[in-house]
Amino acid sequence: MPKTQVAIIGAGHAGCEAALASARLGCDTVLFTLSLDGVANMPCNPSIGGTGKGHLVFELDALGGEMGRIADLSTLQSRTLNESRGSAVRSKRVQADRAKYKALMLDVLEHTENLRLNQAEIASIDIENGRVVSVTTRLGVRWECSSVVVATGTYLGGVVHVGSINYPAGPDGSLPASLLTQSLRAAGIPLQRFKTGTPVRVDAATVDFSKLERQDGEASPAPFSYYTDENYMRGVVTVPCHIVYTNSETHRVIRENLHRSAMYSGNIHGRGPRYCPSIEDKLVRFADKERHQLFVEPMGRSSSELYIGGFSTSLPAEVQYQMLHTLPGFEHAHITRTAYAIEYDCLDPTCLRQTLAVRDVEGLYSAGQSNGTSGYEEAAAQGLVAGANAALFVLRRPPLLIGRSTSYIGIMIDDLITKGAREPYRIMTSRSEYRLYMRQDNADMRLTPLAREAGLIPDDRWQSFRRKMSDIDGEIKRLDRTFVAPDEETNAFLFASGSTPLRSGASLSELLRRPELDYASLAALDSDRPALPASVIRTVETAVKYEGYIKKQEAAVRRAHSHETTLIPPDTDYSKIGGLSREAVEKLTARRPLSVGEASRIDGVTPADVSVLLIFLGR
């Protein structure tokens, strides 16, 4: 019987990060996939980042993950979303080269010590006395292991729908994972059925781009990853994207065929994503809209395929052609891949702990869309957490716990395990109580020390991180103690910048806090400033400009953190704690929260119950 320490089921974005985290912590790890050709596939839009999602990628990189670096190296175009709305909600998004991303990630996996890849369908997870002991493939090969990460994406019980036609399949016409659902059910793990979809892909040679609205990217984007040289990003030759809009004729075709959509004919029973609906769903939900914006995005430098973002559908194939040909510039467009909807099985994430371990099966973890989330970024972030904890469990070391008050990753995990997912979950900046504290630029400040303690950050990166923190601290102090006199030259500069002239001396920090001034413009008054990396400058500028607000949020974070670090013994008998409501006793007994903070967010647990719990623990 072959053996390993950690088995990862699925090689999508969650599985890749899980396998890398486990192997880098020193555990012998096997990454199982239905097809080695599908490793790190992007079956939907080949983009990384976006609103809220960009924060996840920066945080993943701060924890030692791989997605950000690979996204940088495969960037076709980069843009910063919400740039006019302030640093708290700015989110980086790149259009990636699909084939290059897959190739680069596969190369990393193949050359990572302690990591092996195996093309096989896992048919069952074998459990004895409430603990994982092995996994068995469809061909009957049993792999002995101590922990397992389920990262099956949309493959688990996958069924593809196009109009009235449906058949078992995974995304992009791949094979589904058809046997594992039975094994999970037999283990008593609660499952649910979700649905997602993808639009048509089109041959660029058949599109008239003169009728489309061009959308260019940034000339000098900031990278996602610490490992990416900013000069490399400046040298990326960007590829344009385009925008087109639906019209009354498009809407007529859809409405006349609405009854033929798998979603509206009753063939699909799974819940779809609220924030990425199909085009027919948009017409029903937003009936007053005269048009809908669609994004025309390239699939790769060497590919002629285009992705039509916002045009997801489960209408019949011939209707998809009719819809497409009503769009300006697409009158003669050729479809290379038909749009489809896909239903799949996933866990009810309330069965999970903060470590992403299944509560009632020792050694079993889950990550990604198998936990009811949507998106590559959400999957990858969960993958790292689950993979690291699966390895730390084997090594008998303390788990990696990422709290709600420290990161968007923590918010996502906390939302999933305390509230569940009744539709595919998507991260958004609005989910955070501390948005100004949880910015993209300070992800490493928040999370890299935690990852270092867990063993995910190598020595060279740790030393570089410490130098960066020293540079940030030193520059903020220098700006505080460097004063500018109210002379004629200074006031002329301020007047030209639309800023009020000085009557007395002011520090550079005081000037930087003025809305009309920024760090770059103050170079005219700051001849002795040191040469600093752009990443340091971004953090310094934000820290100085919003100092008062940030300090208030940091104080709130510290208060919240005290509840997150007040741990509840796992064998606590809640029925013997006087003063707890009956509902709280039931919910706390069922969920077994790790901390008071987690307990406080369980539906049905009131602030009064939390107070009682704190008093009990204080004794």
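This passage looks at one threonine in a loop and then at the aromatic rings, in a predicted model.

Threonine 572 is a good place to start. This residue belongs to the loop that links α17 (547-564) with α18 (582-591). Loop or not, threonine 572 is buried, because its relative accessibility is just 5% and the cut-off for buried is under 20%. As for what surrounds it, the side chain of threonine 572 has a polar atom 2.7 Å from the backbone oxygen of proline 569. Once neighbours within four places in sequence are set aside, the contacts of threonine 572 are Ile577, Arg592 and Phe616.

Now for the rings. The model has five aromatic pairs. One of them joins tyrosine 226 and tyrosine 227, whose ring centres are 4.7 Å apart; their planes meet at 75 degrees, so this pair counts as edge-to-face, the cut-off for that class being over 60. How buried or exposed are the two partners? Tyrosine 226 comes out as partly exposed, with a relative accessibility of 33%, and tyrosine 227, at 42%, is partly exposed as well.

Charged side chains turn up over rings too. Lysine 92 sits over the face of phenylalanine 224, 5.1 Å from the centre of that ring. In the case of tyrosine 519, the charge comes from arginine 529, whose charged end lies over the ring at 3.9 Å from the centre.

Definitions and conventions: Residues numbered from 1 in each chain as written. Predicted model: local features only at pLDDT ≥ 70, side-chain atom pairs only at ≥ 80, totals over all residues. Heavy atoms only, no water. Helix = DSSP H or I, 4+ residues; strand = E, 2+ residues; numbered from the N terminus. Buried < 20%, exposed > 50% of the residue type's maximum accessible area, 1.4 Å probe, protein only. Polar contact = N/O pair within 3.5 Å; in protein donor to acceptor, adjacent residues only side chain to side chain. Contact = heavy atoms within 4.5 Å. Phe/Tyr/Trp six-rings, centres within 6.5 Å; stacked < 30°, edge-to-face > 60°. Lys NZ or Arg CZ within 6 Å of the ring centre and 35° of its normal.
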